[in-house]
Structure formats: structure tokens, C-alpha cells
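Visitor: I am new to this structure. Please pick one strand, look at it closely, and then show me how its surroundings and some other parts compare with it.

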Amino acid sequence: MCGIGLVLMALSSSCAECSDSQASPIVPSSSSPSPDSDNTPHVNNEIASSKFDLELQRRLCQRGPDHYQRVIRRATAESNEDDVPSGFAMAMHSAVLHLRGDKPVPQPVVDSDDNVLCWNGEVFGMDGDGDEEKKKLIQDSDTVLLSEKLQFAGEKLTEMTMEGAQRSDPVVDVLRSVQGPFAVTWLHEKTKRVYFAHDRFGRRSLLYRRWGGDSEGGIVASLAGTEITSIEFSESDLTRFVLSNVAIGENNADLSKYQELPASGVYVLDLRARQLTMDGNPSYRMEFHPYIPLIPTQTTSTFETSDYVLDRFGAQLSCPTAASETEAAEVNAETLESSARALLVALSNAVGVRVRSIPSRSSADEMPPVARVAVLFSGGLDSVVLAALSHSHAPKNEPVDLLTVCFDEKLGFASPDRRAAELAHAELCALFPERQWNLVKVNVSREELSSMQREVLTLMAPCDTHMDFNIGAAFWFLSRGRGELKSSTQTTENATLEDLNAFLNPQRADLRKLETEVAALGLFDPTINDTLCPVDRCGRKRKNGCVLGVCKSCCFKIQRAVDKISPRGVDMHVNQREAQGCRAKLVSMGFQSEAHIDLLLKVLETKCKDEQDPTNGTIECRVLCCRVHRSKQDQVNQSSQPAATSTVHDKPTSSYEYQTSARVVLVGIGADEQLAGYGRHRTTLINGGEAALRAELQMDLGRIWKRNLGRDDRCIAAHGREARFPYLDEHVVSTIATFPVSSLCGADLPRGVGDKRALRLVARSLGLRSCAGLAKRAIQFGSRIAKVSNNGSNRQTQGMNKFSSVE
């Protein structure tokens, strides 16, 4: 992986904004020879660097700490009658993170034809390659391979006319054939054509910003589509153009002007001067070449029996079978098994190529091996399956790091994701005892989250919502890889699956009964809108499942008032003056009368008597409690209790501060978008049928580059680690596209069972039991960062609400 950037400047530019302290004048300093002269190399780092250049270099080197370099080039045209220089100068930047081949390949790569490649990606395969080519590709440098293929395509391009190149460009064909994540810029020196793109899913961030013309970014955004298109422009339309993995700016206003490059095809800047415009200046062209859609094709195993299958690397995997009575009784049980089998092979292949391609590290014989691969590990279905599959492909003597993050300091860092991760970790240790599984507990306090807020906001830009911050911060701290290490040589007892899925039942049975009884009392005016809180002058939406049928704020107020009116035990007395004031408050809030208050107290008294301790007559419950809106006192009581911890057998627990050395992290993004993992997918299936669900899934996968991947790549890569996404492997995607809806989602089945059905069957075939029945919980809620960063309504952490501050 690398950090790449391209800064293009019109030589005739007089744009005031381009002449500020940020701008990068791409001209040689007086003490440096011209990079275009015959006696100097094109690689030239002696040119004076602006503030913008230095910040770009710093950010790119965070992503690629092993080597940094830039190349300066020009594409000049004949001067006009006023002798104003025409054309463009460009600086091409690369910072390298060595992850392929025996040794790092410096970038930008300048080949024998003076073409320049900036490559941030992984070639895991090329369309049309055979098995031998694929094996060789895993061992060798993909940067060298791609540079050679592009050079060969460039030779063909030189022989073509400009119109022929636009119709069928051999360089575009090479980039289209790449299987794997990438962001790339490539300059073909002879034709002065600059190619830039990222892969069809946008797994590597590539941002752009344009100066000039009437609007920023209009040229690029207007081209993206499904057909080959082009647009003519003058130098005044493109006075400056920046491409980078990260946004560079002095403030939020600067950062917000960057946009994610659409991940639907390859862009070409043709910098050869064309006919003169009406004002006597030359014109240029930008082209767009769309990707060819993937053809749904199911992955097959290299060998298969009724008991097991082999992936392309020879790993033996148990065949998924519909073991439960519900699945076995289904008419389409065989179809579900077939889908799960194909998914298992495709996923194992995807994990295999992403793990086996990591170069081995040279170390002294007496030193123990260190982890080369880590998993961003929530304990959920997607990440645990990746961890289990990595066992088949990582060397047996190497540990695998499982990174789990938690922000809930008040409850002893015992968030739902942390508890699920501990349970899954214990299961992996039991299933694969020969492997050292390092559970790295990344615990983040509110203070530390606040101190890193500015860094996360800069990296996630131009994304700027509260949800973006919550997810981006979680990935940033996970990728940092520093936390408490839990030994993998223990057998542990953790939270049960029933505990982890408890959030699916918003109320206990007794509270559901209480809600029914309270509703029958008619505490508030029955003519009030059913969707709004019935409390006078409130106006908020009522919360479904609330015992009182009101909003969160009013529920807390009523709980506190009722608590002061009614005693909690035989030895407790009520302050009558205070109680009368609370009664008046309840009436002012909308209770129809004091008689209604007495009816509520009578219902609560009956409930508390049912929960009375027969040994001492004390009442063990709150007078009024709501599972949806827990009172602050309930939360304090819970935080004062010891957090759920693992019970360890056989060996004592060993925990200490740990820093992962893995440069590759496996990430489970893409599973929900393809396998119907979100709750709205089930709703769509129920309301709109299979066609509607197919359309929803296609929309989710089509926008994942903009909603998720760019932000996540920037936050993860900032620590010099590369995110790899097995669920977004081209073969996995084309395999899932062949599945019937019944293998994805069952409308009549509950959460944790009816969603991602094929993947849950894969998990069970791998021996995983906890995650196979675990319902999805988004990372911002499972890690509790949404709770910590939320300063107001819970709604601010959702949708498009802009982020303000943790403070």
C-alpha cells in the first residue's frame, strides 16, 4: 500500500486562491536545475516545497512510512500571441508501505519510456490469468508487474489516433482487468495522458479538488456514468487540480471542498493541446471510461466430497449443512447449503490471497514469531468468520491479533462488542488451540477520544457527520493497535449468546405487562397525536416501548417525581411537602388529575409487592422503571457493579500492554451490504418483495465507496496499516450475486437467524457457535462510542447530522 498524490497546475494560472500559502507552485527553484532538462533525472526532491507540499508529504508518509518521493513533469503547449506560457505542470507523490515482494519498490515508478506510476493498491489477480500467473503474483511485487503491463499498453497507445484511444484505450483495459483494491495515477509521457481511478468498489480512498471555472468538481462529477464520455476544457477551467488519498487544508472549509472520486470507472486527463478557443487559448480534454459490470459467477472448489471442500490453496473446509430443524425442513434447504458452500470457498480464497501475499519477515532464530495479520474484531459474525478462515492461511507458528475497541469507561470497558469479542476469542482458542490468538483490548477513555478528535476529523474529511466521526474514530483507534493483551492459552467462560442478544427484546416481560396496565389508566389526554409525546408543551416524538408512552426526557422527569412521591421500603418516609410539589408537577405535565396519579401509584405498589423479598420485606426494584429509558440512578448502580469478566480455568490470566506489529488488517465491511445484514433489508423484503430487496442491495453496494470505504481507508491507513476487505473480493461479490433471496434473508425468521443466512451456515461449518446466532449491532453502538460522544439527543448520532464535538 502507498499514499499517493498528484498536484496539477496550469502554467498560465493567475488564480488568487492558487497563489496563497497552500498552493504548490510546480516550478524549479533558482538553485535547482529544471526537471525537464536533459541532464537531470525526472525524480527531483530539491524543488522548494510549499506548506501544502509538506502537509501532503506528512499525511502520505503516515500511510507509507518506508519510502517517499515525488516526480515533477510538464505538458507544455505553444505560447499564445502574448507569450503567456500554456500547458500544465504536475507533481506526482508516492509514499510506500512495503507489503509485496522481497523488498520495497520505490515510487513513483519511472519506466524506460519515462512513464510515471503512482500505485496504491494490491493486484490479487488479473482478468484472464491462469493458476501459475496467480501463484507468481502472490510472491512477486505487483507494482513492478502493473508498471510493465501499463508500459506495454502505452506502446500500443502511441500508435493510435486520439479518437481511437478514446473509443478503446489499452491502458484503460489494463486497469479494468485488475482484481483487488487500488487507487492509481499514471502518466503516459509520449501522449501526455494522465490516468486516475480507484477500483470499482472504492476500497482505496481517492479524493479530488478542482480550482477554476464556475464550480468546483463539476468537470469530474459530470462525467461519471455508465457510458464513455468526455468534455473539453481550457486552462481557466482547471487552474489547479489535486488528487490525494487524504484531504489537505488549513481548516474545515478547505477540507470540505474535497470530494471522493466516483468509483465507477477510469478518468483520463488528455493534456495535449487541441484547437484554440475563441480567446486564442488551447483546449484540453477529460475522458471517462466506465467499468464493465461484474458477471455473476459462482466460485467452485478445486475438489469436493460430501464432507469437505478444498479452496484454491488446498485448505480443507467442512461442508456447510442445514443442521437446525428449521433449515432442514425448508423446501430450499439444498439451495441454502449450495450457496453456503460456494460462499465458504470464495471467502477462503479471498482471505487466503490477502494473507499469503504478505511478505515474511526476517528475524533471528531465537526470536518468537510476531503477528503479520490482524482482524478488526467486534466478535460479530463477519469478523469472527474472517478470523477463523485466516487460521487456514497464516503460518501455524504465527499469532493472529484480534483488535477489539471499547469506549465505555464508566462500565469498566464491558460494551456489547467487547463481551462478544471475549466470547468469540474463547471459542477460537478452543477450536484452534495450536494457534496463538491475541485478543488486544483497545480501551479508549472519553478524555483520549476528545484529545484525538481533531486528527480523526481531518482524516475522515470530507465526511463530516456525527455517524462518520463515531465510525471513523473507532477504526482509527482499532488500527492504532495498542491495548491490553489477553493470552490465548486459556479456556474462558464469558457472556452467553442470550445475554448478547438481549437488546433485541427492549423490555422484560414484567415491564411489557406494566406498560399495558399503565396505558389502560389513561394518564394523558387520549386525543393527543399518537406519534408525539403527550406531555404538555413537549413536542418530541414518543418512544415506542416506553412504559409511560412518552419521550426520553419526560420519562426521566416522571420517574424522578414518582420516586419522591412513593416510598421504596417499609422504613422509608416521604417528604410530604416535596411529594405535593411533585404531584403538582405531574399535573402540569399533562396528567389528567391527581386521581390518575393515585391509580399509577397503586399499579406500581402491586408490582413492587410481587417483587418483594420474602425474607426481609425489602423491595428490590425501583418504584417506576423503564427498560427503554433507564433512569440515571439505574445507570449509576450498574456502573458501581463489577463489570462482567471472564472466568478462567487451568491457567491464570496474563494481560499486559501490547502494540500489534501487523501491517495488514482484515475488515468485514461489505458483508451486510450484500447478504442483507441490515434490519431495513428485512423490512424491504416484507413490504416490497424480492425485487425490492435486490434493488436495495444493489444500491447499498453501489454507494459503499462514498458512504463507507473512503472514510474507513483514510482512518485505518493513518497508522501505516492496510485494510483488506475479503467480502469485497471480486469473486466473492460475483458469487453472492448468484444466490437466491432465500439464501440471504428470511422474512419470517427473527434477527440473528433470518439475516445473512448463507454466512451463518458458513460460520457453523467452521465450528463457530456464538457468532452464528448473534444479531448485528453497528460498531458505533456495540463499542459504545455513540453513547460517549453524544451530547444531546440520540438522533444526532444518526443520519446526516453534522458532528460538533465530543465535549
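**A strand and its surroundings**

Guide: The accessible surface of the protein comes to about 34,200 Å², and carbon and sulfur atoms hold 50% of that area; such areas are computed by the Shrake-Rupley method with a 1.4 Å probe, and for residues only the protein chains shown count as cover. This is a predicted model, in which local features need pLDDT of at least 70 and side-chain atom pairs count only at pLDDT 80 or more, while totals for chains, interfaces and linings use all residues. Residues are numbered from 1 along each chain as its sequence is written, and side-chain values use heavy atoms, with hydrogens and water left out.

Some totals come before the strand. There are 27 helices and 27 strands in the protein, taken as DSSP runs and numbered from the N terminus (helices are H or I with at least four residues, strands are E with at least two). Of the 807 residues, 56% count as buried; that label means under 20% relative accessible area, while exposed means over 50% and partly exposed lies in between, with a 1.4 Å probe and protein chains only. Among contacts (heavy atoms within 4.5 Å) with a separation of 6 or more, 76% join residues 24 or more positions apart.

The strand chosen is β10, residues 207-211, where 5 of 5 residues are buried. In a regular strand the side chains alternate between the two faces of the sheet. On one side of β10 are Leu207, Arg209 and Trp211, on the other Tyr208 and Arg210, and both faces are covered. Strand β12 (residues 240-244) runs antiparallel to β10 and is joined to it by 5 bridges; two strands pair if DSSP finds at least two bridges between them. In this pairing Trp211 stands opposite Arg240. β10 also pairs with β13, again in the antiparallel sense, over 2 bridges, and there Gln259 is the bridge partner of Tyr208.

β13 (259-260) leads on to a loop, which runs between it and β14 (265-270) and holds Ala263. Ala263 counts as buried because its relative accessibility is 5%. In sequence Ala263 and Asp199 are 64 residues apart, yet their C-alpha atoms are 6.1 Å apart in space. Leaving out residues up to four places away in sequence, Ala263 touches His198, Asp199, Arg200, Phe201, Gly202, Tyr291 and Trp705.

Another antiparallel arrangement can be set beside β10. It is an open sheet of 3 strands in the order β16-β17-β18. Its edge strands, β16 (303-304) and β18 (316-318), each pair on one side only. β16 is joined to β17 (residues 308-310) by 2 bridges, and Glu304 stands opposite Val309 in β17.

Next, two helices. The C-alpha atoms at the ends of α9 (residues 333-356) are 34 Å apart, which agrees with the 34 Å expected for 24 residues at 1.5 Å a residue; the expected span is 1.5 Å times one less than the number of residues. Because 19 of its 24 residues are buried, α9 is largely enclosed by the rest of the structure. Helix α3 (residues 142-158) has 17 residues, and its expected span of 24 Å agrees with the 24 Å between its end C-alpha atoms. An α-helix has 3.6 residues a turn, so residues three or four places apart point the same way. Buried residues of α3 include Asp142, Thr143, Leu146, Ser147, Leu150 and Leu157. At the N-terminal end, Ser141 caps α3: one of its side-chain oxygens lies 3.3 Å from the backbone nitrogen of Thr143.

Single residues complete the tour. His681 is in helix α22 (residues 679-702), and counts as buried because its relative accessible area is 0%. Apart from residues up to four places away in sequence, His681 touches Asp672, Ala676, Leu693, Glu696, Leu697 and Asp700. Ser789 is found in α27 (residues 785-789), and it too is buried, at 0% relative accessibility. The side chains of Ser789 and Asn470 are joined by a polar contact of 2.7 Å, a polar contact being a pair of N or O atoms within 3.5 Å; within protein, one must be able to donate a hydrogen and the other to accept it, and residues adjacent in sequence count only if both atoms are side-chain atoms.

A search of the whole structure finds 0 disulfides, a disulfide being a pair of cysteine sulfur atoms within 2.5 Å. For Cys715, the nearest cysteine sulfur is that of Cys463, 8.5 Å away. Cys715 is buried at 0% relative accessibility.
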